[in-house]
Amino acid sequence: MRYAFAQRAEILEIIAYLIPIALFLGVVGLVAFLWSVRSGQFDDLDGAAWRILDDDDDRPKPD
Amino acid sequence: MTVTSPDIDLGCPSGLAPPSEDSTGALDAFVKRQGTEATLQLLVRGAKCGGCLSKIEKAVSALPGVATARLNLSNGKMRVDWTGSLNADTIGATISDLGYGVSAFSEDESAQTEKKRERDLLLSMGVAGFGMANIMLLSVSVWGGHGEMGDATRQVLHGISGLIALPVVAWSGRHFFASAFSVLRHGRANMDVPISLALILAFSVSVWETIHHGPHAYFDACVMLLFFLLIGRFLDARLQRQAHAAAHELAALQNASVSIVDRNGTVRAVPATNVSAGDHILLSPGERAVVDLRIAMGISEIDESLVTGESLPRQTGPGETLFAGAVNLSHPLQGVALGPAEDSLLSEIGRMLEAGEQRRSAYRKIADRAVSLYVPFVHTAAALAALSWWVAGAGMAQAIMIAVTTLIVTCPCALALAAPVAQVVAAGRLFKQGVYLRSGDALERLAEVDYVVFDKTGTLSFGTPELATMVALSRSHPDTPQVPLVIGVDTRDQRLSQAAMLARSSRHPLSRALVNAAGPGPFAEGTIEVPGCGLEADIEGERCRLGSAEWVGIDTKIEAAGPQLWFVAGDSDPVCFQFADRLQDDAVEALNALKARGLEIEILSGDHSAAVADMANRLGIDRWQSGAKPHDKVARLETLRADGRKVLMVGDGLNDAGALALAHAALAPGGAMDVSQSASDAVYSGGLSSVELIIALAQSTRGVMRQNFGLAAVYNLFAVPIAVAGLVTPLIAAIAMSASSLIVTVNALRIRAKG
């Protein structure tokens, strides 16, 4: 009885840390996704692919 | 002074779309102002690549006062913000000078609703994905610890899973619940009813199990089901929204403004929607009419290719009617509006589009047919299972549990994914071949086609005349004027270059064709253009005339299928240039390939009969109809439909839009009017041979979709007995569900690998 109690306490102790951490990381990813959809990151999939190739806005480093 | 080919540096630098020659109306009426800050929403047509993007954005950003100029390459919408006194028309002119079509854009409500729905589905999918991953994390530890994990630990893990699942199911599942509730209230049922039932039952049973320390909670299966279903819904919604773009883009075309001449003779610009019958309207050269007009003053040539399909300009004058969509080519015209823009031909075509789309949405997809078989089967199985277990002496709780596992395991995930995934993969494959698919169920309809109707101008032909032959009449043999002379190469070149000197100052398509044949060269100064007659100028002291036979003083006619131009320099022999509509390079092979597939072919053109007959003859097609107005084309398609033919319409003009929307399936070439592109199921850019390619791929995609539904059925044949026997645990449910979805997806990926 005492053994079973000790084992359970140990497991609970670990998952008490791990589960919140896993959930927190998941929430970070979810919030990033919600933000990107709401702020229109997915609105122009074709244009963004071309925009990175346009290097005309690069300026030489000012001396 | 040397004039080079006029099209260089205009339009898309990658050549994906032809440069636009429309001039813009006044855009000032559409600017939204707030203090000194002004905003304008534009719709840019013809921008297809990164070159277009940077060209347009840079040119507009360089204008004084412009803060931001951002073009969305996916849908052609552009937003410009600026401060100060910059005129909106300057922005429009800057873009149209680069060779792109531009019009003011104001989004209507239904477009915004559809966009919001798509975004909501995407967000719900993200939330369901998050829930699924986290619950799976906990579920795997429960399964992994089977037999070793303590009862209390398992209950804690189930409890956390339930806490994650509750908001996820409530929020992401609301699409299904709301739809199921609304149809149930009307005493009907749809696919969302069994889905909602499965979700709610699975969740409730899991809560009950958790409270009673039971070993099996189905939170993972419940949220996974939701996630897979939302993927299918989202893909569907996105393909559908793209298909509905047609009506909105037609509306944007009407967002042009109109120059109205008031009683004092002052000209002011008003939005086209504010025009009413009886208004006096000024139509400058290059401008497109947006309302039907009766011409009051002025003689000019008009390009009606959009309205009638006629490839050559027509001369028009006072008393004649000009339909919306026609472009004024040479001289200013004044006319009286025959009605408001809503009553114009353009709007009539818009209504035809709508009617066609409604008809098309009534099409019964393979997926719908599969679902109507699936629902009664699975529900009967679940109900019978519960009943038999209860009769056989199992407890009420166990009987319900078995019914619920049956519903979960036979989930419609594979069904929900079977069609959309295959369509998306096929769309990606077509995209690589230069074909843009506009609606998801299009492939199913394209696969069924057995009759192809082609428009002529712009589809089978390039729609631009090309110099075919040159003949001369001899003045020294007045008795035999009918006999054309063969001219020597030297004379030929000399006459061509002289004629081209006149032609270079004209926008007339025949002049353009002449210039293209002659290549770069000088232009004659002081050239006069007389509408409906021709051009006149002095070249090295000789009076030269280029134009109709009457214009150069000849009363004989040379028989020809195509249009002709006459040229006379001084007292020399008159020369006749004959033009022909140029066939698409691969037209003959492409049509032969279609015939080899057993498809019947017909030409349906608005052009005059001589031109269409000539074209049909060259292509070896014996069924053709000429002089067809938009409603004639629609009527012809109705007839074919009544005969039970599944018609594929291929066309490019505004006059084809109604017919395109009505056809069983429709294709438009890349150079087509945006409205026609939107009314079609797909837009191709690789020449006519794409048509056969699209049909072939559509048929193989339909094959894969049928296999997918077959696989889903076979899966259920195994899953239902196992579930009814009460052998399903949450682990088996999760494996079975994801396996069936994966198999269907992998099978769809074969479309990409083929060929």
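**Entry 1: strand β8 of chain B**

I looked up the bridge partner of B:Ile281 in β14(B), and found B:Gly335. I am working from a predicted model throughout. The two strands, β8(B) and β14 (residues 333-337) of chain B, are antiparallel and share four bridges. I then turned to β6 (residues 257-261) of chain B. Two bridges connect β6 to β8(B), and that pair also runs antiparallel. Here B:Ile260 is the residue opposite B:Ile281.

Which side chains of β8 (residues 280-283) are buried? I noted an alternation along the strand. B:Ile281 and B:Leu283 point to one face and are buried. B:His280 and B:Leu282 point to the other face and are not buried.

**Entry 2: a three-stranded sheet**

Next I checked the open sheet with the strand order β11-β10-β13 in chain B. Its pairing is antiparallel. The edges are β11 (314-316) and β13 (327-328) of chain B, each paired on one side only. I followed β10 (residues 300-303) of chain B to β13(B) and found two bridges, in the antiparallel sense. B:Ile302 has B:Asn328 as its bridge partner in β13(B).

**Entry 3: a seven-stranded sheet and its helices**

I wrote down the order of the seven-stranded open sheet of chain B as β15-β27-β26-β25-β16-β23-β24. The pairing in this sheet is mixed. Why do β15 (435-437) and β24 (624-625) of chain B stand at the edges? Each has a single partner strand, so one side of each has no neighbour in the sheet.

I looked at the β15 end. β15(B) and β27 (residues 682-684) of chain B are antiparallel, with three bridges. B:Leu437 finds its bridge partner in β27(B) at B:Ala682. Helix α13 (residues 413-432) of chain B packs on the sheet there, touching β15 and β27 of chain B. The direction of α13 makes about 155° with that of β15(B).

A second helix, α20 (residues 630-642) of chain B, also packs on this sheet. It touches β16 (451-454), β23 (600-604), β24 and β25 (647-650) of chain B. I recorded about 160° between the directions of α20 and β25(B).

**Entry 4: α13 against α24**

I followed α13(B) to its packing with α24 (residues 730-753) of chain B. The axes of the two helices come within 8 Å and cross at roughly 20°. α13(B) and α24(B) are therefore roughly parallel. Their crossing is right-handed.

Which residues make the contact? From α13(B) I listed, among them, B:Leu417, B:Val421, B:Val425 and B:Arg429. From α24(B) the list includes B:Met737, B:Ser740, B:Val744, B:Leu749 and B:Arg752. By class, this contact has 13 nonpolar, four polar and two charged residues.

**Entry 5: α6 against α12**

I checked a further helix pair. Helices α6 (residues 192-211) and α12 (residues 396-409) of chain B pack at an angle of about 135°, their axes 9 Å apart. That makes α6(B) oblique to α12(B). The crossing is left-handed.

On the α6(B) side, the contact uses B:Leu197, B:Ala198, B:Leu201, B:Ala202 and B:Val205. On the α12(B) side, I found B:Ile400, B:Met401, B:Val404, B:Leu407 and B:Ile408. How do these residues divide by class? There are ten nonpolar, no polar and no charged residues.

**Entry 6: chain A and where it meets chain B**

I turned to chain A. It has two helices and zero strands. Of its 63 residues, 0% count as buried.

How many residues does each chain give to the contact? Chain A gives 21 residues and chain B gives 21 residues. In chain A, α1 (2-38) and α2 (45-51) each supply at least two residues of the side that touches chain B. The largest share of that side, twelve residues, comes from α1(A). By class, the side has twelve nonpolar, three polar and six charged residues.

**Entry 7: B:Gly50**

I picked B:Gly50 as a single residue to look up. It lies in helix α1 (residues 50-61) of chain B. Is B:Gly50 buried or exposed? It has 19 C-beta neighbours inside 10 Å, so it counts as partly exposed. Buried would need 20 or more.

I then asked which residues B:Gly50 is in contact with, leaving aside its neighbours within four places in sequence. I found A:Trp50, A:Leu53 and A:Asp54. I also checked B:Pro13, 37 residues apart from B:Gly50 along the chain. The C-alpha atoms of B:Gly50 and B:Pro13 are separated by 9.0 Å.

Key: Residues are numbered from 1 along each chain as its sequence is written. Chains are lettered from A and ligands numbered from 1 in the order in which they are written. This is a predicted model: local features need pLDDT of at least 70, side-chain atom pairs count only at pLDDT 80 or more; totals for chains, interfaces and linings use all residues. Two residues are in contact if their C-beta atoms, placed from the backbone, lie within 7 Å. Ala, Val, Leu, Ile, Met, Phe, Trp, Tyr, Cys and Pro count as nonpolar, Asp, Glu, Lys and Arg as charged, and the others, Gly among them, as polar. Two strands pair if DSSP finds at least two bridges between them. Axes are lines fitted to C-alpha atoms, for helices over the stretch in contact, and angles run from 0 to 180 degrees between N-to-C directions. Angles under 35 degrees count as roughly parallel, over 145 as roughly antiparallel, 65 to 115 as roughly perpendicular and the rest as oblique. A crossing is left-handed if the near helix is turned anticlockwise from the far one by less than a right angle, and right-handed if clockwise. A residue is buried if 20 or more other C-beta atoms lie within 10 Å of its own, exposed if 12 or fewer, and partly exposed in between; C-beta atoms are placed from the backbone.
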